[in-house]
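This report covers selected side-chain interactions, taking charges over rings, aromatic pairs, cysteines and one loop residue in turn.

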Amino acid sequence: MTDHYAVIGNPIKHSKSPLIHTAFAKQTDQDLDYITKEIPLDGLVEGLKQLQQAGFKGINVTVPFKEQVWQAVDTKSDHASRAGAVNTVVFNDDGTLYGDNTDGIGLCRDLVDNNGIELKDKRLLLLGAGGAARGVIEPLLSYQPAELVIANRTASKAQDLAELFAEFGQVSGGGYDDVSGSFDVIINATAASLHGEVPPLADDILNGGASCYDMMYSNEDTAFITWAKQHGAANTVDGLGMLAEQAAEAFRIWRGVKPETTTVIKQIRG
């Protein structure tokens, strides 16, 4: 019998997740289908209930529901508990919901394994302190960077996150005006890039050989990728590989088998 999965969000039509999971299912010989499901902004709880009643086995969660779903699930992984955001849900047979967060694993695999970007002993800057940023801090710190600086328009949100994850490594937080020195890797976790905006960053913020990574993606260069190229970044990477890698980890949680991602990333890049 075919198992049903979905990705929820609002808006969601643009999502490449059905393409990715369909490719994973074919590759691993799993009998499942995967759709997009747009949930009304004020209708998350009802939307989850409808999917569960319809017999879905699990869902992925994207903007703007990651933090709301974190509150809605019955149990969650330790990592998701600290992250305050959930992007992968398992609908258990007993009616309970289990939440996990695969964003950080997806980001780090794409940075390190797919693109050869070193994190150990490097100075990292993370832009943003919302759900997208929260999910990646602990995995980034596991690679033992020299320092992770979190910068956000509202400085207190970045400071709170830094305190929350202080036990995992050298991390600090503040406003964009508080950022000082230069960095080896800058990761954009804000959605501003999709609206043609880039956080205010100093012209000399990139070290020689620096890499810039945008967790967002589009068919054209995002505003952040354009900024990075203009400021001499040695590597610029968008979030399409992260999308595939976090999906692979979600697929493993659901199906117990980890799919290969290289060919799928090539496929979705077209």
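In this predicted model, the charged end of Lys 76 is placed over the ring of Trp 70, at 4.3 Å from the ring centre. A second arrangement of this kind involves Arg 123, which lies over the face of Phe 183 at 4.2 Å from the centre of the ring.

**Aromatic pairs**

Across the whole structure, the search returns five aromatic pairs. Two of them are set out below, with the distance between ring centres and the angle between planes.

| Pair | Centre to centre | Angle between planes | Class |
|---|---|---|---|
| Tyr 5 and Trp 254 | 4.6 Å | 35 degrees | tilted |
| Phe 224 and Trp 227 | 5.8 Å | 15 degrees | stacked |

The tilted pair joins two elements: Tyr 5 belongs to strand S1 (residues 3-9) and Trp 254 to helix H10 (residues 240-255), so the pair ties together parts that are 249 residues apart in sequence. Tyr 5 and Trp 254 are both buried. Ring pairs also bring in Tyr 34, linking Tyr 5, Tyr 34 and Trp 254 into a cluster.

The stacked pair has another setting. Phe 224 and Trp 227 both lie in helix H9 (residues 223-230), where three residues, about one turn of the helix, set them apart. Phe 224 and Trp 227 are both buried.

**Cysteines**

The number of disulfides is zero. For Cys 108, the nearest cysteine sulfur is that of Cys 212, 16 Å away. Because a disulfide requires the two sulfur atoms to be within 2.5 Å, Cys 108 is in no disulfide. Cys 212 is likewise in no disulfide, with the sulfur of Cys 108 as its nearest cysteine sulfur. Cys 108 counts as buried at 2% relative accessibility, and Cys 212 is buried with a relative accessible area of 1%.

**Thr 190 and its surroundings**

Thr 190 is located in the loop between strand S10 (183-188) and strand S11 (206-214). Is this loop residue, Thr 190, buried or exposed? Its relative accessible area is 14%, so Thr 190 is buried, the cut-off being under 20%.

Two polar partners of the Thr 190 side chain can be named. One is the side chain of Asn 188, in a polar contact at 2.8 Å; another is the backbone nitrogen of Ala 192, reached at 3.4 Å. Leaving aside residues up to four places away in sequence, Thr 190 touches Leu 127, Gly 128, Tyr 176, Pro 199 and Met 216.

How values were computed
Residues numbered from 1 in each chain as written. Predicted model: local features only at pLDDT ≥ 70, side-chain atom pairs only at ≥ 80, totals over all residues. Heavy atoms only, no water. Buried < 20%, exposed > 50% of the residue type's maximum accessible area, 1.4 Å probe, protein only. Phe/Tyr/Trp six-rings, centres within 6.5 Å; stacked < 30°, edge-to-face > 60°. Helix = DSSP H or I, 4+ residues; strand = E, 2+ residues; numbered from the N terminus. Lys NZ or Arg CZ within 6 Å of the ring centre and 35° of its normal. Polar contact = N/O pair within 3.5 Å; in protein donor to acceptor, adjacent residues only side chain to side chain. Contact = heavy atoms within 4.5 Å.
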